[in-house]
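Welcome to this structure! Please have a look at the model below before reading on.

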Amino acid sequence: MRILLTNDDGIHAEGLASLERVARTLSDDVWVVAPEQDQSGYAHSLSISEPLRLRKIGEKHFAVRGTPTDCVIMGVKKILPGAPDLILSGINSGANIADDVTYSGTVAGAMEGALLGIRSIALSQGYSYVGEDRVVPYETTEALAPALLKKLVATPLPDGVLLNVNFPNCTPEEVAGTVVTSQGKLVHSLWVDERRDGRGLPYYWLRFGREPVEGKQGTDLYALRNRLVSVTPLQLDLTAHEIRDQLSKALA
């Protein structure tokens, strides 16, 4: 099995190194094509207004100055000797659940793989802060992902479906199990934080604000809050099929 790895945290991210160790429990034919720099929040974006720069950094390891989507396309269309059997995107530093899925470059890497007709799985790891330091227990994903991936790879999926897997912020021993979930809903908003540079000119940061959410049972939010591994099947078809008839009648 040929496996292509990518992420959105960048080629030197600790989570990518963890993912490679996971992938090597499944196959020896593992390739890494990841962004040169952090591409978090770039979602399913393409670099079409500037060239893609490619840098080989090791055997079967390549950095692309572009987005996770660019990396998957470069890997499949240019770098690998043949199409991969599996694309793994991650391990992201932080969960990709609920509304965050729409912003996630990690999920987008798997999304592009699904568009190319390749089985694709995004993996993310919850974290916490100790003081000002982010603590990401990648050992949880490393311990649990190999057995889980073997089951997921062996399970037939329809075209246009990818899997979004999130691991809770706890030790492997504290994980309560694995559940199949639906995408939850966060209560959050973005606001613009205006600041001034050394010359007094304005610049801006986008910032998140979130309300505490319990999360309905059966959602990815509920799973992570209860120390469960969440496996969410996502689909590329964004059509709201349930209101097509309603719209047709309104336009008749």
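The numbered points below go from the whole protein to its sheet, and then to a few residues.

1. A word on the basis first. This is a predicted model, in which local features need pLDDT of at least 70 and side-chain atom pairs count only at pLDDT 80 or more, while totals for chains, interfaces and linings use all residues. Residues are numbered from 1 along each chain as its sequence is written, and side-chain values use heavy atoms, with hydrogens and water left out.

2. Let us start with overall size. The C-alpha trace spans about 55 × 50 × 50 Å along its principal axes. For 252 residues, a compact globule would have a radius of gyration near 18 Å, and the 19 Å of this protein agrees with that. The radius is taken over C-alpha atoms, and the globule rule is 2.2 Å times the number of residues to the power 0.38.

3. Next, surface and contacts. The protein exposes about 13600 Å², with carbon and sulfur atoms supplying 51% of that area; the areas come from the Shrake-Rupley method with a 1.4 Å probe, and for residues only the protein chains shown count as cover. Of the 252 residues, 46% count as buried, where buried means under 20% relative accessible area, exposed means over 50%, and partly exposed lies in between. Among contacts with a separation of 6 or more, 73% come from residues 24 or more positions apart; contact here means heavy atoms within 4.5 Å.

4. The protein has six helices and 13 strands. These are DSSP runs numbered from the N terminus, with helices (H or I) of at least four residues and strands (E) of at least two. An open sheet of nine strands follows the order β3-β4-β2-β1-β5-β6-β9-β13-β10, with mixed pairing; two strands pair if DSSP finds at least two bridges between them. Because β3 (54-58) and β10 (177-180) stand at the edges with a single partner strand each, one side of each has no neighbour in the sheet. On average, neighbouring strands of this sheet are turned by 20 degrees against each other, direction ignored.

5. Strand β2 is a good place to look inside the sheet. Seven of its seven residues are buried. It runs parallel to β1, joined by four bridges, and R2 stands opposite D29 in β2. Strand β2 (residues 29-35) also pairs with β4 (residues 61-64) in the parallel sense over four bridges, where A34 stands opposite A63.

6. Which helices lie on these strands? Helix α1 (residues 14-23) lies across β1, β2, β4, β5 and β6, running at about 140 degrees to β5. Helix α4 (residues 138-153) touches β5, β6, β9, β10 and β13, and its direction makes about 160 degrees with that of β6. Axes are lines fitted to C-alpha atoms, for helices over the stretch in contact, and angles run from 0 to 180 degrees between N-to-C directions.

7. L4 deserves a visit. This residue is found in strand β1 and is buried, with a relative accessible area of 0%. Not counting residues up to four places away in sequence, L4 touches ten residues' worth of company that you can trace in the model, including W31, V33, V76 and L88. 8. Finally, the aromatic rings. A search of the whole structure finds one aromatic pair. The ring centres of Y127 and Y129 are 5.7 Å apart and their planes stand at 85 degrees, so the pair is edge-to-face. Rings of Phe, Tyr and Trp (its six-membered ring) pair if their centres lie within 6.5 Å; planes under 30 degrees apart count as stacked, over 60 as edge-to-face and the rest as tilted. Y127 is partly exposed, with a relative accessible area of 29%, and Y129 is partly exposed too, at 48%.

Technical notes:
Buried means under 20% relative accessible area, exposed over 50%, partly exposed in between (1.4 Å probe, protein chains only).
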